[in-house]
Amino acid sequence: MEEGDAQDIYEVYLPLYSYKSKNIEEKSGLNQWNATSKTKGSNKPRPLNEIYIPIPKVFHRKYPDFFVEDINEFLYHSGPKRDLPQVWFRLQLPNGSQLPGLLTQDNLKGLESGSKTERKVNGEKYSQSDLGKWLLMDVLGLNERELVTMEYLQKKGIDSVRL
């Protein structure tokens, strides 16, 4: 940034593993696609490449203005969950493409791709799988529905994403 700009720029790294367990969980985070079906009582698998990047609780405390001004207004929202304001943003990928992103789950602990309104050039909606396709297949070189492990990330020399 040029001197005199009023806006601060942050560059942060989010771990691709659970900050709490220091591991990649088998049915959440990068392996969310492996969790139980979204439809109760169904054996239908979750969408291919469905992932989220876990955001440690300490991140929002340390950087409350990273995604929006004062994330605490979103974290401590009182009232029905359906009235909770959503945190949307653009993800700029190293390959030059962009994805709509959002924070999800309780305490805004998941970073996902997706949009209810925005569409790709081919007319398809952006989904939670778009970030997964890029990260799991394009970056990590995994096969479809292959579990991500800490050992695999260590072998690839990748353990975080830069925002």
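The following exchange discusses the fold and one pocket of a predicted model.

Colleague: Which conventions apply to this model?
Modeller: Residues are numbered from 1 along each chain as its sequence is written, and side-chain values use heavy atoms, with hydrogens and water left out. The model is predicted: local features need pLDDT of at least 70 and side-chain atom pairs count only at pLDDT 80 or more, whereas totals for chains, interfaces and linings use all residues.

Colleague: In what order do the elements of the protein chain run from the N terminus on?
Modeller: Helices (H or I, at least four residues) and strands (E, at least two) are DSSP runs, numbered from the N terminus. The protein chain has 4 helices and 6 strands. Their order is β-β-α-α-β-β-β-α-α-β.

Colleague: Which are the edge strands of the open sheet?
Modeller: Two strands pair if DSSP finds at least two bridges between them. Four strands form the open sheet with antiparallel pairing, in the order 2-5-4-3. Pairing on one side only marks the edge strands, strand 2 (53–54) and strand 3 (87–92).

Colleague: In strand 4, what is the bridge partner of Leu91?
Modeller: Strand 3 pairs with strand 4 (residues 98–104) in the antiparallel sense, over 6 bridges. In strand 4, Leu91 has as its bridge partner Leu99.

Colleague: With which residues is Lys120 in contact, leaving aside its neighbours within four places in sequence?
Modeller: Lys120 lies in the loop between strand 5 and helix 3. Its C-alpha atom is separated by 9.2 Å from that of Leu99, 21 residues apart along the chain. With contact meaning heavy atoms within 4.5 Å, and neighbours within four places left aside, the partners of Lys120 are Lys125, Tyr126 and Asp130.

Colleague: What volume does the second largest pocket have?
Modeller: A pocket is, on a 1 Å grid over the protein atoms alone, an open set of points where a 1.4 Å probe fits, with protein on both sides within 12 Å along at least five of seven lines. Grid points are joined across faces, edges and corners, and a volume is the space filled by probe spheres set on the points. For the second largest pocket this gives about 430 Å³.

Terms used:
On a 1 Å grid over the protein atoms alone, a cavity is a set of points where a 1.4 Å probe fits but cannot get out, and a pocket is an open set with protein on both sides within 12 Å along at least five of seven lines; lining residues have an atom within 4 Å of a point.
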